[in-house]
Amino acid sequence: MRIEQIQGYRDQAYQHLTTALLPFWETRCVDHVNGGFITHFDHAGNDSGEDEKSLIAQSRTVYTFSAAHRAGYGEGRYAQIAGHGVDFMIEKMWDKENGGFYWLMNRKGDVAIDEKIVYGHSFAIYSLSEYTLATGDPRGLEYAEKVFDLLQIHGADIHYGGYFEMFLKNWDLKGSGSEGGDRKTLDAHMHLMEAFTTLYEASGKQVHRRKLLEIIELLVAKVMHPEYGTGIPQFWADWRVAPQIKFDIIWGWDRFSEDGFKSSAEDNTSYGHNVEFAWLLMHALDIAGEPYDCYENQILKSFNHAVDYGIDWEYGGVYVEGSHKGMVYDREKEFWQQAEVLIGMLDAYRVYQDEKYLKAYDATHRFVFNHMISPVGEWLPLLSRDGEPIWRHMSHSWKVNYHSVRSMVQSIIRLDKLINKMNSVESHTL
């Protein structure tokens, strides 16, 4: 692939990030009346009025503006916006009696759901650690460490390993079935790896590094399929594979059947999660100072399964999910899978220099820029295989800015590295 093509990707991503995507959020999301962020916007980018502020949306938006500031965008404005969100999280969302962050507030900051959900706390650790790395404000790391400590006390399963995920206000484990107290998930544990990576980067503490390496080993040994290297969505507490069911308050239930079970509940894997896992694993190993060698087989399986089965070579983009063996179940195109595949394919090419990864990046980049970006600046949430919108809202508690902005910021970093490397090679051949 020629340097002009790589430069074209980079210019398109930079233009979109700086003139559309970040401005969309900067001009809309700050709640100057009640604190925190407004995170519900309709297809036209207007506030759609839902009276809620979720831990997921608030923490992810703190991450977005912290990471954008850390990457050199915003001329200081984004650090202030991130700090505005941290203020709300600490002052309104923190449970001063039991510790931890409440799951859901109304817009004014009154508690709507007081449960303690590990998925949300993974993003609290991630965003608050990133905030301290970006700004130097010690409050972020202070509260990230508090959450980490609470997870070790209340969440860690010292018998089977990993973490329980669903707790009541006082950190008592919730019940079985749809309450989720007897289940463990790829999603939560992958995001804990992501969180512990940034926590260790911010703190430098060996306990954080040890827990990071521990969860990496658990993910590879227990969560990824032993033959195909693909992610298995749900497990019982003892890490036996469980059919993927609907939990009471966690994401994605409009894509489940009415009985609460996922289609192909015991044989489905997400191409986006597999690629996201691989590049997050590589980043975790980088921060921990560990080589890729011990996990190279896993990394390549995760990337290659997505390239072989998940990339739509006809229309572009990446499918939602399929079987571990390779059969595609869902050929629609969801925003976050596209975002993670962009980053992951650039990392795969950076390390392994196989052109198939750049071709997969190209197919996904073209689909995103041809179909997924709304005229108002954010990404559409869900499209048909050929790029027709199915859902049109710009944002709600689960679909905010974390995937789209991170994808552009991280892709630009990787494209710049590729351009510099290609220029260096070219100069040495002259």
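Me: What makes the radius of gyration of the protein chain agree with a compact globule?
Reply: The rule is 2.2 Å times the number of residues to the power 0.38, with the radius taken over C-alpha atoms. With 430 residues, that puts a compact globule near 22 Å; the chain has 20 Å, so the two agree. The C-alpha atoms fill a box of roughly 65 × 50 × 45 Å along the principal axes. This is a predicted model: local features need pLDDT of at least 70, side-chain atom pairs count only at pLDDT 80 or more, and totals for chains, interfaces and linings use all residues. Residues are numbered from 1 along each chain as its sequence is written, and side-chain values use heavy atoms, without hydrogens and water.

Me: Why is Gly 99 called buried?
Reply: Buried means under 20% relative accessible area (exposed is over 50%, partly exposed in between; 1.4 Å probe, protein chains only). Gly 99 has 10%, so Gly 99 is buried. Across the protein chain, buried residues make up 60% of the 430.

Me: Where is Gly 99 found?
Reply: Gly 99 sits in the loop between α3 (77-93) and β2 (104-105). Helices (H or I, at least four residues) and strands (E, at least two) are DSSP runs, numbered from the N terminus. The chain has 12 helices and 13 strands.

Me: What does Gly 99 touch, not counting residues up to four places away in sequence?
Reply: Contact means heavy atoms within 4.5 Å. Gly 99 touches Trp 94, Lys 116, Leu 150 and Trp 171.

Me: What share of the contacts with a separation of 6 or more joins residues 24 or more positions apart?
Reply: In the protein chain, 65%.
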